[in-house]
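Biologist: I have a model open and would like to learn how to read it, feature by feature. Could you walk me through it?

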Amino acid sequence: MWSYDKRLQYPVNIKNPNPQLAKIVITQLGGPDGELGASMRYLNQRYAMPYKEGKAILTDIGTEELAHMEMISAIVYQLTRNLTREQILESGFAPYFVDHTTGIYPQAASGMPWSAATIQSTGDPIADLFEDLAAEQKARLTYDNLLRLIDDPDVRDPIKFLRAREIVHFQRFGDALTNLQHNLDAKNYYAFNPAIDIRPPQNNRLPMRPGNGMNNMNGSGMNSNGINNNEMSEEFAPPELQPPNMQSR
Amino acid sequence: MNERETLLNRVRMYDFALVEVIEFLDGHPNNSAALAYYSKMRTAFDKAASDYEDQFGPLTAREVDTRSGNWNWINDPWPWEGADN
C-alpha cells in the first residue's frame, strides 16, 4: 500500500502566471508519454515480473512517477493562478478553461484526455521492459521539447530535474532487463523467451495457475525446468491457504 | 496463520485504525477524542511495524537495515503474491 509525504520531490516556485506554458506542460501529466501514464504502466506491469529485482524496480519507479505527477500538476497550478480574462483569451488557454476552469485535468497538450490506450501491460516482462525503456526516452524528449519552448527559469528548473530522472530511470530499466534476460535464459541471443513458460525461482508463485495455458513452445506440457505442470496442482493449493477468520466481534 | 502473517495483520490493524482516524480528523480537526485515538494508534503502529521488521524485513525502502550487507528490500515475497509464499 501507499502513504503520502506532504512535500514535493523537488520544489516548484513560479512567480509569473503563464497559461500558454500551462497548456503545453500539462502534456506531462496526461499526455501519451506523461507521468500519470508512466506510473500506471510500471505499477500495473510489476505483477508479471518474475524476479525480485524487477519487481522492486517497477514498484519504486512507479511510485516515484506519482511524485512527478504531483510536480507537473504543481507547475500547471502555479502557471494558472490569478489569470485575467485577457490572458485566458490571448494565450490559447480558453479551450481548456471552458471545460476545466483552472482545475487540473490529465490531458495531452493537444487536449486529448489521458487514456490507458497510451500504455501496455503485456504479461511478458521482456516486452514490458522494452516499452518502459522507450517510455523513458519519449518522456525525456518531451521534456527536451518543453525546454526548447520555455524561457522562464522558474519553470525550466523543475522540468530539468524531471528530465534528468527520465535518463536515470532508463538506466534502471536497463538493469532490470539485464537481470531478466540473465535469469530467463542467458544464452537466448534473441531475447525471445516468454516468462509465462518458466517457473520462477524458490518460493515464488507461478505467474499462472497450472493447466491454464502453461505449456511451453515445444508442446510437451513441460515447462523449461522440465516440471510436468499437472504434478504441481497440489503444491500450489495447500489447505492452510484459507483466509483468516475475521468474524471475532 | 504463520508468525509473519500474525505480525503483519497487527501492522495492518493499527495502520487501518490510523487511516480511518486520519480521514476523520481531516474533516474534524479539533476533535479531542479522535486526536487521542490517533496518538494511541500511532504508538501501537510503530511498535507493530518494528516487531514485524525485526523478523521479516523492511515494510518501506526507508527502513532497510543495511547491517546485513544486503539490500533486502527486494526480497520475496512481494505483497501481491499472497500469504502462502
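Biologist: How many helices and strands does chain B have?

Modeller: Helices (H or I, at least four residues) and strands (E, at least two) are DSSP runs, numbered from the N terminus. In chain B that gives two helices and zero strands. Before we go on: this is a predicted model, in which local features need pLDDT of at least 70 and side-chain atom pairs count only at pLDDT 80 or more, while totals for chains, interfaces and linings use all residues. Residues are numbered from 1 along each chain as its sequence is written, chains are lettered from A and ligands numbered from 1 in the order in which they are written, and side-chain values use heavy atoms, with hydrogens and water left out.

Biologist: What is the radius of gyration of chain B, and what would a compact globule of 85 residues have?

Modeller: The radius is taken over C-alpha atoms, and the globule rule is 2.2 Å times the number of residues to the power 0.38. Chain B has 15 Å, against a value near 12 Å for a compact globule of 85 residues. Along the principal axes, its C-alpha atoms fill a box of roughly 45 × 30 × 20 Å.

Biologist: And what share of chain B is buried?

Modeller: Buried means under 20% relative accessible area, exposed over 50%, and partly exposed in between (1.4 Å probe, protein chains only). For chain B the buried share is 33% of the 85 residues; for chain A it is 41% of 249 residues.

Biologist: Now to chain A. What is its pattern along the sequence?

Modeller: The pattern reads α-α-α-α-α-α-α-α, from eight helices and zero strands. Contact means heavy atoms within 4.5 Å. Of the contacts in chain A with a separation of 6 or more, 71% join residues 24 or more positions apart; the corresponding share in chain B is 46%.

Biologist: Which residues touch the most other members of the largest nonpolar core?

Modeller: In soluble globular proteins, nonpolar side chains tend to be buried together. A nonpolar core here is a set of buried Ala, Val, Leu, Ile, Met, Phe, Trp, Tyr and Cys residues joined through side-chain atoms within 4.5 Å. The largest has 24 residues, and A:Val25, A:Ile72, A:Ile75, A:Leu79, A:Val155 and A:Ile159 touch the most other members. Helices H1 (19–25), H4 (52–79), H7 (125–149) and H8 (153–185) of chain A each give two or more residues to this core. H4(A) gives the most, with six residues. Apart from this core lies another, of 16 residues, including A:Ile57 and A:Ala135.

Biologist: What does B:Trp80 contact, leaving aside its neighbours within four places in sequence?

Modeller: B:Trp80 is in contact with A:Arg46, A:Tyr47, A:Lys55 and A:Thr59. B:Trp80 lies in the segment after helix H2 (32–56) of chain B and is partly exposed, at 22% relative accessible area.

Biologist: Which backbone features should I look at, such as a cis peptide bond or a positive phi?

Modeller: Most residues other than glycine have a negative phi, and most peptide bonds are trans. The bond from B:Asp76 to B:Pro77 is cis, with omega near 0°, and B:Pro77 is in the segment after H2 of chain B. A:Asn82 is not a glycine, yet has a positive phi of about 55°. A:Asn82 sits in the loop between H4 and helix H5 (85–91) of chain A and is exposed, with a relative accessible area of 71%. A:Thr101 also has a positive phi, of about 50°; A:Thr101 lies in the loop between helix H6 (94–100) and H7 of chain A and is partly exposed at 46%.
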